[in-house]
Amino acid sequence: MNAQKAGALLSKVREVNPLVHNITNIVVANFTANGLLALGASPVMADAKQEAAEMAAMAGVLVLNIGTLTERTVESMILAGKSANKHGVPVVLDPVAAGATELRTRSAKQILEEVKVAVVRGNAAEIANAAGQKWAIKGVDSGEAEGDLEELAIHAAKKLNTVVAVTGETDYISDGKQVLKVSNGHSILTKVTGTGCLVTSVVGAFLAVEKNPVSAAAAALAVYGTAAELAAEKTADQGPGSFQVEFLNQLFLVTEEQVTLRARIEKVGL
Ligand code: ATP
Ligand code: TZP
Ligand code: MG
Ligand code: MG
C-alpha cells in the first residue's frame, strides 16, 4: 500500500458506496453514520437480535463495537458475526475499553473466539488487553504508552490470528508478519468523541472494497488522517466543535489527489 493506492481506494469506496452494517455504541452512532455518509459509504445501524444476522448477510462489511455493550447487544454481535462469516462478509471489531472492566475484556475475547474477525482496530490499551496483555486504560482512553506499538501490533496479530490496527499519534497495522506505519492525523482528533469508533467503521468501508485487510486498514487510516489534517488546518484558531463539523466536510471533500500527495504510509520492521 502506498499513497497513490490509498487515494485510488478512496475513489473505489465512493464508486461502490458499500453498505456498512454497524452494531455500535450509543455515544457515536450518529457521528459514525454521518462520517460514513460523508466519506461515500452507506451506513446502517441494526442491533436487534431478530434482524442482526439478516442485515449482516446483505452488507459489504460488518463493524462490531463494544462501546456501550449489554448482554443483548453482545448476543446480536455474535449472531451477526457468524452470519457475516457464513456469507463471506468481512468483520471488523473495535474492542472499546477492553481491559477497563471484566465484562469488556471477556466480551472482546468471546467475539474474537466465536467470530472470524478480519481487522481489530483499537488504541494501544484496548489491543493489548484484547490480546491478553495487561496495559493501563482509563475508561475508553488509552493509558500512557507503555511499550513499543510496532511490537504490540505484531504480537496481537499473531495472538489473535487477525490483522490488527493500533492507532494513536502514529498508527501501526500488522498481520503478524509485515507492519505498515501511517503517520497522518492530528491531535485534536482526541478531543472529539467517536473519532476512534468512526475510524473503525471507515476501515470497514475500505475492507468492503479491498480484500487485503492490511492494505484496506492502512489506506483507511491514511485517508482519515489526511481529512483530519485538512480540517485542522481550516479550523486552526478554533476548538473541537468547529473541527468536528469541518472534519465531516473534509471526509466528503478530500480528493484522491490530496491523499496521493499527503498520505504517509511506510513499511517498517521485519
Ligand atoms: P483513545 O480513546 O485512546 O483516543 P480511540 O479509540 O479514540 O482511542 P485513537 O487512537 O484516538 O482512537 O484514533 C482515532 C484516530 O485519531 C486515528 O485515525 C488516529 O490516527 C488519530 N489520532 C489519535 N491521536 C492522534 C495524535 N496525537 N496525532 C495524530 N492523530 C491522532
Ligand atoms: N463511552 C463509551 S463508548 C464511548 C464513550 C465515551 C465513545 C468512545 O469513542 P472513541 O472513538 O473510542 O473515542
Ligand atoms: Mg481518540
Ligand atoms: Mg475507541
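In what follows, Ala, Val, Leu, Ile, Met, Phe, Trp, Tyr, Cys and Pro count as nonpolar, Asp, Glu, Lys and Arg as charged, and the others, Gly among them, as polar. The exercises below concern a predicted model.

**Exercise 1. Sort the residues of the shell around ligand 2 into nonpolar, polar and charged.**

*Solution.* Begin by listing the residues that surround ligand 2, which are Asn25, Val27, Val28, Gly67, Val140, Thr193, Gly194, Thr195, Gly196 and Cys197. Next, apply the classes: Val27, Val28, Val140 and Cys197 are nonpolar, because Val and Cys both stand in the nonpolar group. The residues Asn25, Gly67, Thr193, Gly194, Thr195 and Gly196 are polar, because their types belong to neither of the other two groups. The shell around ligand 2 therefore divides into 4 nonpolar, 6 polar and no charged residues.

**Exercise 2. Find which backbone atoms lie 3.4 Å, 3.5 Å and 2.8 Å from an oxygen atom of ligand 2, and state how much of the ligand the protein buries.**

*Solution.* The cut-off for a polar contact is a pair of N or O atoms within 3.5 Å. Taking the residues in sequence order, a backbone N or O atom of Gly194 is found 3.4 Å from an oxygen atom of ligand 2, and for a backbone N or O atom of Thr195 the corresponding distance is 3.5 Å. In Gly196, a backbone N or O atom lies 2.8 Å from an oxygen atom of ligand 2. As for the area, ligand 2 exposes 380 Å² when taken alone, and the protein buries 78% of that.

**Exercise 3. Describe the surroundings of ligand 1, working from its neighbours to its contacts and then to its covered area.**

*Solution.* There are 18 residues around ligand 1, and those that come nearest are Val140, Asp141, Ser142, Thr167 and Asp171. Turning to the contacts made through side chains, an N or O atom in the side chain of Arg121 is 3.1 Å from an oxygen atom of ligand 1, while for an N or O atom in the side chain of Asn123 the distance is 3.0 Å. Asp171, already named among the nearest residues, places a polar side-chain atom 2.8 Å from an oxygen atom of ligand 1. On its own, ligand 1 has 600 Å² of accessible area, of which the protein covers 87%.

The last step is to look at elements and classes. At least two residues of the shell come from each of β5, β7 and α8, and α8 gives the most, with 3 residues. By class, this shell has 4 nonpolar, 10 polar and 4 charged residues.

**Exercise 4. Which pocket holds ligand 1 and ligand 2, and what lines that pocket?**

*Solution.* Ligand 2 sits in the largest pocket, and the space taken by ligand 1 is also the largest pocket. The volume of this pocket is about 1,100 Å³. Its lining is made of 39 residues, and the closest to the centre are Asn123, Thr167, Gly168, Thr190 and Thr195. The elements that give two or more residues to this lining are β5 (119-123), α6 (124-130), β7 (141-142), α8 (195-207) and α9 (213-234). Of these, α8 gives the most, with 4 residues. When the lining of the largest pocket is divided by class, one finds 14 nonpolar, 18 polar and 7 charged residues.

**Exercise 5. Give the volume and the lining of the second largest pocket, and then of the largest cavity.**

*Solution.* The second largest pocket contains about 240 Å³ of space. It is lined by 17 residues, and those closest to its centre are Pro90, Val91, Ala118, Leu207 and Lys211. By class, this lining divides into 10 nonpolar, 4 polar and 3 charged residues.

For the cavity, note that the structure holds 1 cavity of 30 Å³ or more, and that the largest cavity has a volume of about 30 Å³. The residues lining the largest cavity are Asn22, Thr24, Thr32, Val63, Asn65, Cys197, Thr200 and Ser201. Both β3 (61-65) and α8 supply at least two of them, with the largest share, 3 residues, coming from α8. Sorted by class, the lining of the largest cavity has 2 nonpolar, 6 polar and no charged residues.

Definitions and conventions. Residues numbered from 1 in each chain as written. Chains lettered and ligands numbered in written order. Predicted model: local features only at pLDDT ≥ 70, side-chain atom pairs only at ≥ 80, totals over all residues. Heavy atoms only, no water. Near = heavy atom within 4 Å. Polar contact = N/O pair within 3.5 Å; in protein donor to acceptor, adjacent residues only side chain to side chain. Areas by Shrake-Rupley, 256 points an atom, 1.4 Å probe, with all protein chains shown as cover. 1 Å grid on protein atoms, 1.4 Å probe; cavity = no way out; pocket = protein on both sides within 12 Å on 5 of 7 lines; lining within 4 Å. Sits in = over half its atoms within 2 Å of the grid points. Points joined across faces, edges and corners; volume = space filled by probe spheres on them.
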